Amino acid sequence: MPEDTSPVPLLNLEPEVDHLWDELNEAIQRVLRSGQFILGPEVEQFEEDAAEYLGVEHAVGVNSGTDALVIGLRALGVEEGDEVITTPFTFFATAEAISIIGAEPVFVDIDPASFNLDPAAIESAITPKTKAIVPVHLFGAPAAMTQIMDIAEAHDLKVLEDCAQSFGAQYEGDCASCHGKHCASDRRSKLQGEMTGAIGHAGAFSFFPTKNLGAYGDGGMIATDNPDVAETARMLRKHGGKNKYHNEVLGYNSRLDAIQAAILNVKLPHVDTYNEERRENARRYSELLADVDGIITPKRTEGHVFHQYTVRVKDGRRDQLQETLSNREIGNKVYYPVPCHQLPVYEGYEISAPKADQASNEVLSLPMWPQMSEAVQRQVVHIVAKEMDK
Ligand SMILES: *Cc1c(COP(=O)(O)O)cnc(C)c1O
């Protein structure tokens, strides 16, 4: 059989559009006929269903994941001059949201096994100015929330989860950083099975089209059990006023629009199936890659939703493998080539995070989408294996 040389995208949204075509059209046309394009019943329906799905009391739809972080931080009381502990190994928006409100991101290093914030590194970064922690459930893997919530409680800090990549991910009380030590916290069993975004004081979600629950434009959401946080977020998303022409604080124009909410209403009931398919693809990738020298497959857990399937490429061979894949038109991406503390915008920050630096030199994300076929996975792995065998 001749080798398949067709291009493979990093993400293919077409099967999903095909699958939901009639429902999506019906939903979009319903909004066109309603004449209500900003907030309104579609948004309220989505907020209600998303809150129920996540197991939180309140969900507040906003314009983007970035705005969900900005508004979430402010709604939790983070102000100018406060310090916020977060991971440097994330999309810039996590840090940007902290900086844009005048607070200071304090980057602590990651746990190399999960790519997520290392809870063991948090405590030494806490100062009297520390106000909050922003863990990121990177690539769809829940961060070590038991330890993070224990630390937050001990130091009276707020926790805003960045769930942009983890819609539908469930926490399992599992954490690589414990190194098998007994976890003193009884929080672990309480949090078992909780959705990411329902564990901290608030969760910030993105519905950017490529996310696990994606709209067909920008969108975001803040999830919380706290009615005051929800009320403040609702105020901030519409110019800082509960009622029109009664603005109380400086806010934003950051509302979820009705067409995006209608699309999300169609997609929400399918998100578990899609996430399960991603998990199954990840399982198969790891099986196929198991004997490939120099490739370290990601840690898999039942609650991981594999927004990305990200391997480590050892021995300085990442860039060569990336070039080979790109030459063969196999989608791939380095998330993230520059950790936040090394970005020009943070020049002068004296922070060392060697594990994040190392990750940015070794990681490579391979093609991943729910409906990806086994044949396509084999095609990708074949090229990876051939290159690594050189
Ligand atoms: C996508 C993303 C964001 C930003 O979401 P937008 O909707 O694009 O503003 C924030 N944090 C992380 C980790 C992301 O992946």
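**Figure 1. Helix 3 and the shell around the ligand.** In this predicted model, helix 3 supplies the largest share of the shell around the ligand, with 3 residues. The shell holds 16 residues in total, and G65, T66, D162, S206 and K211 are the closest of them. Sorted by class, these neighbours comprise 8 polar, 6 nonpolar and 2 charged residues.

**Figure 2. Polar contacts to the ligand.** Three pairs of atoms are worth finding in this close-up. At G65, a polar backbone atom is 2.7 Å from an oxygen atom of the ligand. At D162, the side chain takes part: one of its N or O atoms is 2.8 Å from a nitrogen atom of the ligand. At Q165, a polar side-chain atom lies 2.8 Å from a ligand oxygen atom. The ligand exposes 380 Å² when taken alone, and the protein buries 93% of that area.

**Figure 3. The largest pocket, with the ligand in place.** Here you can see where the ligand sits: in the largest pocket. Helix 3 (65-75) and helix 4 (92-100) are the elements that give two or more residues to the shell around the ligand. The space in this largest pocket comes to about 560 Å³.

**Figure 4. The lining of the largest pocket.** Step back from the ligand to look at the walls. A set of 27 residues lines the largest pocket, and those nearest its centre are F91, F208, T210, K211 and H307. K211 is also among the residues closest to the ligand. Helix 3 and helix 4 each contribute at least two residues to the lining, and helix 3 gives the most, with 3 residues. By class, the lining of the largest pocket has 12 nonpolar, 11 polar and 4 charged residues.

**Figure 5. The second largest cavity.** The structure contains 2 cavities of 30 Å³ or more. The second largest cavity encloses about 80 Å³ of space. It is lined by 15 residues, with L13, E16, K211, R278 and P370 closest to its centre. K211 thus appears again here, having been met in the lining of the largest pocket. The lining of this second largest cavity divides into 6 nonpolar, 5 polar and 4 charged residues.

**Figure 6. A cis peptide bond between Y335 and Y336.** Take a look at the backbone where Y335 joins Y336: the peptide bond there is cis, with omega at about 10°. Most peptide bonds are trans. Y336 belongs to the loop that runs between helix 10 (318-327) and helix 11 (354-362).

**Figure 7. The backbone at H239.** Which residue has a positive phi although it is not a glycine? The residue to look for is H239, where phi is about 65°. Most residues other than glycine have a negative phi. You will find H239 in the loop between helix 7 (227-237) and helix 8 (258-267).

Key. Residues numbered from 1 in each chain as written. Predicted model: local features only at pLDDT ≥ 70, side-chain atom pairs only at ≥ 80, totals over all residues. Heavy atoms only, no water. Near = heavy atom within 4 Å. Polar contact = N/O pair within 3.5 Å; in protein donor to acceptor, adjacent residues only side chain to side chain. Areas by Shrake-Rupley, 256 points an atom, 1.4 Å probe, with all protein chains shown as cover. 1 Å grid on protein atoms, 1.4 Å probe; cavity = no way out; pocket = protein on both sides within 12 Å on 5 of 7 lines; lining within 4 Å. Sits in = over half its atoms within 2 Å of the grid points. Helix = DSSP H or I, 4+ residues; strand = E, 2+ residues; numbered from the N terminus. Nonpolar A, V, L, I, M, F, W, Y, C, P; charged D, E, K, R; others polar. Points joined across faces, edges and corners; volume = space filled by probe spheres on them.
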